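Here is a colleague's note on charged side chains and cysteines, written as numbered points. Please keep the sequence and the 3D view open while reading.

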Amino acid sequence: GIVGALDMKGSEAERCAEAFLLRQRLRLIERNYRCRYGEIDLIMQDAETHVFVEVRLRSSAKFGGAAASIDARKQAKLLKTAQFYLSNLKQIPPCRFDAILMLSTDNKHIEWVKNAFTA
């Protein structure tokens, strides 16, 4: 059904985002990290910084497009999930939240928003 198609598009978008970030010299730490608070699409490393990445695919730019879809509630869930992830590390690295925004999975329209929001 439609949900299955959206899931397929979502995972395709995440693969495109991962490939894009790898080309930007980031290193993959984990994909689809889940805990009781939520899920983080990609956890990457940019030099010493851990980067928590939210991947957004939108079929149109209406209503603010992909960036506007990361609302305060979603940000709070991402923050709690990241805090839980970090609580399992021996040492807390510098961190940031990035967003990868796409209109399609053709790799032509990727917008990388560093520090998409702050903790």
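**Charged pairs, cysteines and one buried glutamate**

1. The first pair to look at joins R34 and E39, which form a salt bridge whose closest N and O atoms are 3.5 Å apart. The model is a predicted one, and every distance discussed here should be read with that in mind. R34 counts as exposed because its relative accessibility is 58%, whereas E39, with a relative accessible area of 23%, is partly exposed.

2. A second salt bridge links D46 with R96, and here the closest N and O atoms lie 3.0 Å apart. Since D46 belongs to strand β2 (residues 38–46) and R96 to strand β4 (residues 95–102), the pair ties together parts that are 50 residues apart in sequence. R96 itself is buried, as its relative accessible area is 11%.

3. In a third salt bridge, K74 pairs with E54, with 3.8 Å between the closest N and O atoms. K74 sits in helix α3 (residues 72–87) and E54 in strand β3 (residues 49–57), so this pair ties together parts that are 20 residues apart in sequence. The two partners can also be described by their accessibility: K74 is partly exposed, with a relative accessible area of 22%, while E54 is buried, with a relative accessible area of 5%. Salt bridges can also share partners, and in this way D46, R96 and D98 are joined into one network.

4. How many salt bridges does a search of the whole structure find? The search finds six, and the pairs described above are among them. As general background, side chains of opposite charge can pair when their charged atoms come close.

5. The cysteines deserve a separate remark, because a disulfide requires two cysteine sulfur atoms within 2.5 Å of each other, and by this rule the count comes to zero disulfides. Is C16 buried or exposed? With a relative accessible area of 10%, C16 is buried, whereas C95 is partly exposed, with a relative accessible area of 34%.

6. Finally, please look at E18, which is found in helix α1 (residues 2–23). E18 is buried, because its relative accessible area of 10% falls under the 20% limit. Which residues does E18 touch, when those up to four places away in sequence are not counted? Under that condition, the contacts of E18 are L28, R31, L42 and M44.

Definitions and conventions
Residues are numbered from 1 along each chain as its sequence is written. This is a predicted model: local features need pLDDT of at least 70, side-chain atom pairs count only at pLDDT 80 or more; totals for chains, interfaces and linings use all residues. Side-chain values use heavy atoms; hydrogens and water are left out. A salt bridge is a side-chain nitrogen of Lys or Arg within 4 Å of a carboxyl oxygen of Asp or Glu. Buried means under 20% relative accessible area, exposed over 50%, partly exposed in between (1.4 Å probe, protein chains only). Helices (H or I, at least four residues) and strands (E, at least two) are DSSP runs, numbered from the N terminus. Contact means heavy atoms within 4.5 Å.
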